[in-house]
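Okay, thanks for squeezing me in, everyone. Let me put the model up, and then I'll walk you through a few spots.

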Amino acid sequence: MSFRTVYWSRGSVVLLDQRLLPHRVRYLRLTTVRQVARAIKDMAVRGAPAIGVTAALGLALEASKIRGGSVGEALRRMEKAAELLRSTRPTAVNLFWAIDRVMRVARSCGSVRELREKVLDEALRILEEDLEMNKSIGRNGAKLIEDGDTILTHCNAGALATAGYGTALGVIRAAVEEGKRVRVYASETRPRLQGARLTVWELMRDGIPVKLITDNMAAFLMQRGEVDKVVVGADRILAKTGHVINKIGTLSHAIAAKRFEIPFMVAAPTSTIDFERTPEEVEIEERDPREVLYVGRERIAPRGVEVWNPAFDITPPDLVTYIITEKGVHRPWELEGLLAKHRGE
Ligand code: MRU
């Protein structure tokens, strides 16, 4: 991979600023947890695993600044930083998973020095594990891809959305690495255009054939028999019910795929699985109306119009053919088994 999405360098968090892609490749060097929180909220970094990794590194940044004082004071400062990071985006479960994981380590430390070191180690481990998990997801998912397949993907579930390699795009990359010829359709993903700006950018850099469509072209493309498989990522998968929460527009693709009998696959690490909630209990992020009112700097609707701008939708399990994780390929109803393992039953 010729770029890095997020990494730790000389005491700061470094991010590829995804708001500027594909036109400019610029890295942000963040030195405070406030800057990290802002970068997540403003989507300089986005994608469920990537925001989890970034939040973990944000906590390491906060820990690195704590010198002196008691471990109790240090922990209170860490809890405040964790709260700030939790308030950035409500839907992707990886954010909360990564923060909880780092905070568990912080709470186990007996000294400020130990806390500084162990929090950084844990954050770096989360980053490395994410990359490894994506490679495994890729290998597991590539078994479902045939030579000559045309794959539709939505939003960006690629290297930019993770610590590297990607989930949905990881499946595509792994299939290509196995020598399979694959073509991709990327839907543009209004309103933030992650498909047009990011997925197309990533795939073109890798030399994987990709064609861009607007979101409302997908059903017609499927009806014409031009799509063999749909592969997307997820922000949250509900183990209890098998529902998949992902970028707004995923549900429409899933309904169309069902209608035209096209396998609909979701690729995500187990850190995306929510073992607790039902669909009614998940907060779907609603973002600034300006994302809908403007395309780039151009306003496209009359002043005074009302806007609804949910960032994600919920796809029911009967529309999902496979869920691909680093552990294997599952049917939505089989997640109950992972749930039992998670509870240690
Ligand atoms: O709003 P975004 O860009 O953070 O949404 C991203 C998605 O919906 C991705 O499909 C999802 O996070 C999976 S990324 C591997």
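Let's start on a strand pair: V14 in β2 stands opposite R29 in β3. Quick housekeeping: this is a predicted model, where local features need pLDDT of at least 70, side-chain atom pairs count only at pLDDT 80 or more, and totals for chains, interfaces and linings use all residues. Residues are numbered from 1 along each chain as its sequence is written, and side-chain values use heavy atoms, with hydrogens and water left out. When I say helix or strand, I mean DSSP runs numbered from the N terminus (H or I, at least four residues, for helices; E, at least two, for strands).

Back to β2. β2 and β3 (residues 27-30) run antiparallel and are joined by 4 bridges; two strands pair if DSSP finds at least two bridges between them. On the other pairing, β1 (residues 6-9) is also antiparallel to β2, again with 4 bridges, and W8 sits opposite V13. β1 and β2 make a hairpin with 2 residues between them, and R10 in that turn has a positive phi of about 40 degrees.

So is β2 buried or exposed? 5 of the 5 residues in β2 (residues 12-16) are buried, so the strand is largely enclosed by the rest of the structure. Buried here is under 20% relative accessible area, exposed is over 50%, and partly exposed is in between, with a 1.4 Å probe and protein chains only. S12, V14 and L16 point one way, V13 and L15 the other.

Zooming out, the protein is divided into domain 1 (6-135) and domain 2 (138-343), with bounds from an automatic or database domain assignment. The contact takes 29 residues from domain 1 and 34 from domain 2, contact meaning heavy atoms within 4.5 Å. The C-alpha centres of the two domains are 25 Å apart.

Now the empty space. On a 1 Å grid over the protein atoms alone, a cavity is a set of points where a 1.4 Å probe fits but cannot get out; a pocket is an open set with protein on both sides within 12 Å along at least five of seven lines; lining residues have an atom within 4 Å of a point. Points are joined across faces, edges and corners, and the volume is the space filled by probe spheres set on them.

There are 4 cavities of 30 Å³ or more, and the largest holds about 240 Å³. Where does the largest cavity lie? Both domains give residues to its lining, so it lies between them. That lining has 29 residues, with R46, G47, A48, N156 and D235 nearest the centre. α2 (48-64) and β9 (244-247) each give two or more, and α2 gives the most, with 3.

The largest pocket has a volume of about 860 Å³. Among its 24 lining residues, R19, R192, R290, E291 and G296 are closest to the centre. By class, the pocket lining has 8 nonpolar, 3 polar and 13 charged residues. (Ala, Val, Leu, Ile, Met, Phe, Trp, Tyr, Cys and Pro count as nonpolar, Asp, Glu, Lys and Arg as charged, and the others, Gly among them, as polar.) For the largest cavity, the split is 14 nonpolar, 10 polar and 5 charged.

Last stop: A268, in the loop between β10 (264-267) and β11 (273-274). A268 is buried, at 1% relative accessible area. Its C-alpha is 8.2 Å from that of D235, 33 residues apart along the chain, and D235 is one of the residues nearest the centre of the largest cavity.
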